[in-house]
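Here is a short briefing to read with the structure open beside you. Take it topic by topic, and find each residue on screen as you go.

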Amino acid sequence: MMILVLRLMCGGFWMISYSIAIYKGIKEKSYAMPFFSLCLNISWEMLYFKKVINGGDGGLIWIIIDSIWLILDAGILITYFLYGKKYYPGKLKKYFWGFSIFQLIIAMLIMNEFYTTYPFHAKINAGFFINMLVKRNGKEGQSIILAITKFIGTLAATTLSGFCFGAISRISLVLGGISAILDIMYIYLLIIWDKKEEGKK
């Protein structure tokens, strides 16, 4: 029962986070997830979808959840290719497509090796979000609700993969713990940014 609850929490909160990312991206003509983080997400979800569709871990519920994740990640990817080019410096804009596809390939190779060794994924990408906030010098495409739902989803996934499969997974707990700390830092920075903007008014 606990495993089911954690899976539903993980699936549900990440779905909310991804949906907000698509909404913010379209509304603000931006993209709301750091691109390399998005590449890692898509790579892992494709690998895991292949496993669950072949009768592996999770059953029908996980097939549905992972299918929705893939669709939502595809939506975020579309916002990146629609609006991401503007974040490239002028002389580098012509390399946008080539470099983006190269990053996607690299992420797939990395995640394939990681997945082979550690089949549970803690989604450590909050550091990329912090970097995006700093580089943009603003909250364009980002929101506190997105950050909080992402944090809760990752916490549920860490608990699930760290404790609920017959043995304690140290790698999941270490990576998940680091992710939780970075998520909290990201939420805090977004709150500070809001207060900073209110102070200017």
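**The largest pocket**

In this predicted model, the largest pocket holds about 480 Å³ of space. Its lining is made of 18 residues, and those closest to the centre are Tyr31, Phe35, Tyr88, Asn131 and Lys135. Those five are a handy place to begin your tour.

- Three helices each supply at least two residues of the lining of the largest pocket: helix 2, helix 4 (96–117) and helix 5 (126–136).
- Helix 5 gives the largest share of that lining, with five residues.

**The overall fold**

- Stepping back, you will find seven helices and zero strands in the chain.
- Along the sequence, that reads as α-α-α-α-α-α-α.
- The chain has 201 residues, and 45% of them count as buried.

**Helix 2, from end to end**

- Helix 2 covers residues 35–53, which makes 19 residues.
- From its first C-alpha to its last, helix 2 reaches 26 Å, close to the 27 Å expected at 1.5 Å a residue.
- Which residues of helix 2 are buried? They are Phe35, Ser37, Leu38, Cys39, Leu40, Asn41, Ile42, Ser43, Trp44, Glu45, Tyr48 and Val52.
- Phe35 deserves a second look: it is one of the buried residues of helix 2, and it is also among the residues closest to the centre of the largest pocket.
- As you look down a helix, remember that an α-helix has 3.6 residues a turn, so residues three or four places apart point the same way.

**Helix 1 and the nonpolar patch**

- On the surface, Met1, Met2, Leu4, Val5, Leu8, Met9 and Ile61 make a nonpolar patch of about 650 Å².
- Helix 1 (residues 2–27) gives the most to this patch, with five residues.
- Met2, a member of the patch, is found in helix 1.
- Is Met2 buried or exposed? Met2 counts as exposed because its relative accessibility is 53%, and the cut-off for exposed is over 50%.
- Cys10 also sits in helix 1, but Cys10 is buried, with a relative accessible area of 2%.

**Contacts across the sequence**

- Cys10 and Thr159 are 149 residues apart along the chain, yet their C-alpha atoms are separated by 9.8 Å.
- Thr159 falls within the range of helix 6 (144–163), while Cys10 is in helix 1.
- Leu72 belongs to helix 3 (residues 59–83).
- Leu72 counts as buried because its relative accessibility is 15%, and buried means under 20%.
- Leu72 and Ala21 are 51 residues apart in sequence, and 9.0 Å separates them in space, C-alpha to C-alpha.

**Backbone angles to check in the loops**

- Some background first: most residues other than glycine have a negative phi.
- Lys29 has a positive phi of about 50°, although it is not a glycine.
- Where is Lys29 found? Lys29 lies in the loop between helix 1 and helix 2.
- Asn137 is another residue other than glycine with a positive phi, near 55°.
- The loop between helix 5 and helix 6 is where you will find Asn137.
- Asn137 is exposed, with a relative accessible area of 55%.

Notes: Residues are numbered from 1 along each chain as its sequence is written. This is a predicted model: local features need pLDDT of at least 70, side-chain atom pairs count only at pLDDT 80 or more; totals for chains, interfaces and linings use all residues. Side-chain values use heavy atoms; hydrogens and water are left out. Helices (H or I, at least four residues) and strands (E, at least two) are DSSP runs, numbered from the N terminus. The expected span of a helix is 1.5 Å times one less than its number of residues. Buried means under 20% relative accessible area, exposed over 50%, partly exposed in between (1.4 Å probe, protein chains only). Patches are made of residues with over 30% relative accessible area and no salt bridge: like charges are joined within 9 Å, nonpolar side chains (Val, Leu, Ile, Met, Phe, Trp, Tyr) within 5 Å. Accessible areas come from the Shrake-Rupley method with a 1.4 Å probe; for residues, only the protein chains shown count as cover. A salt bridge is a side-chain nitrogen of Lys or Arg within 4 Å of a carboxyl oxygen of Asp or Glu. On a 1 Å grid over the protein atoms alone, a cavity is a set of points where a 1.4 Å probe fits but cannot get out, and a pocket is an open set with protein on both sides within 12 Å along at least five of seven lines; lining residues have an atom within 4 Å of a point. Grid points are joined across faces, edges and corners, and a volume is the space filled by probe spheres set on the points.
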